[in-house]
Amino acid sequence: MKVMGKTDIGMVRRSNQDAYSGGELPGGAVWAAVCDGMGGANGGDIASKTAVSVLQQELNSGFSEDMPDQMVQALLLHAVGQANVRVYEKALEDEALSGMGTTVAAALVRGEKAYIVHVGDSRVYLLTPNEVTQLTTDHSIVQEMVKKGEITEQQAKNHPRKNIITRVVGVEPYVEADYDVCALPPDGKLLLCSDGLSNCVEPETMRRLAYELETDSLLDRLVSLANDAGGYDNITVAVISA
């Protein structure tokens, strides 16, 4: 398995507050994470980069290839918890960073399983030659409205409050992350992205292009499509594939 990613400032923002990372782990496992920061002139940038750095440290130091599934779950949740603590502490240390936070969408792939953890509205998709499945559920006001039946999924796409998220890493001393594990088919791919991509490019388009293009060309194409659609936000995408 391999990991590739790309981030872009977009067409409107003055700085890029997204961050991503990924890499190899013992036993052929791989991981990737996408973070979308927010807060202050440069708080979002610091929050997202801090979270990515902590995730990298925790996974590299804590993962072993013979870990049972429940220990992988514990490691991922602990890593997000540590990222939350570090971002929160940095905000306390510098008044200019007060209130900064970040989303986290992270995936670890070992063998035929994908382990997913997330906070906020950055997403993880499972792509196959014939289907695309969103593996994460946004922690957002609009998603809560969809869940309650107040609006439809289609209405949510253009709702004026769609960017207001209900869970953030680093704003409070503790954050609850969602966790899931799913089977990863031999021809399956994982795509992680910030909302700068998911708000502008349809999941089916992501899936189709993922099986038409090599990964590096895929990343360039998806970023271009998001920018062509307005590029209203920073755009970040990472792909885990065979």
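1. Strand 7, residues 123–127, is joined to strand 8 by three bridges, and the two strands run antiparallel. Within this pairing, Leu-126 has Thr-133 of strand 8 as its bridge partner. The model under discussion is a predicted one, and the points below should be read accordingly.

2. Strand 7 also pairs with strand 10, again in the antiparallel sense, over five bridges. Here Arg-123 stands opposite Cys-193 of strand 10.

3. Strand 10 in turn pairs with strand 11, residues 235–241, through four bridges in the antiparallel sense. The bridge partner of Leu-192 in strand 11 is Ala-238.

4. These pairings belong to an open sheet of five strands, ordered 1-11-10-7-8, with antiparallel pairing. Its edges are formed by strand 1 (2–8) and strand 8 (132–134), each of which pairs on one side only. On average, and with direction ignored, neighbouring strands of the sheet are turned by 20 degrees against each other.

5. Helix 6, residues 203–210, packs on this sheet and touches strand 7, strand 8 and strand 10 (189–193). The direction of helix 6 makes about 50 degrees with that of strand 7.

6. Strand 10 deserves separate comment. Five of its five residues are buried, and the strand is described as mostly covered. Lys-189, Leu-191 and Cys-193 point one way from strand 10, whereas Leu-190 and Leu-192 point the other way. The buried set on strand 10 thus includes a lysine, Lys-189, alongside Leu-190, Leu-191, Leu-192 and Cys-193.

7. How many disulfides does the structure hold? The number is zero. A disulfide is a covalent bond between the sulfur atoms of two cysteines. For Cys-35, the closest cysteine sulfur is that of Cys-193, and the two sulfurs are 13 Å apart, which is too far for a bond. The cut-off applied to such a pair of sulfur atoms is 2.5 Å.

8. Cys-200 is likewise in no disulfide. The nearest cysteine sulfur to that of Cys-200 also belongs to Cys-193, at 10 Å.

9. Are these two cysteines, Cys-35 and Cys-200, buried or partly exposed? Cys-35 has a relative accessible area of 0% and is therefore buried. Cys-200, at 25% relative accessibility, counts as partly exposed, because the buried class ends at 20% and the exposed class begins over 50%. Cys-193, the neighbour named for both, is buried in strand 10.

Definitions and conventions: Residues numbered from 1 in each chain as written. Predicted model: local features only at pLDDT ≥ 70, side-chain atom pairs only at ≥ 80, totals over all residues. Heavy atoms only, no water. Pairing = 2+ DSSP bridges. Axes fitted to C-alpha atoms, helices over the stretch in contact; angles between N-to-C directions. Contact = heavy atoms within 4.5 Å. Buried < 20%, exposed > 50% of the residue type's maximum accessible area, 1.4 Å probe, protein only.
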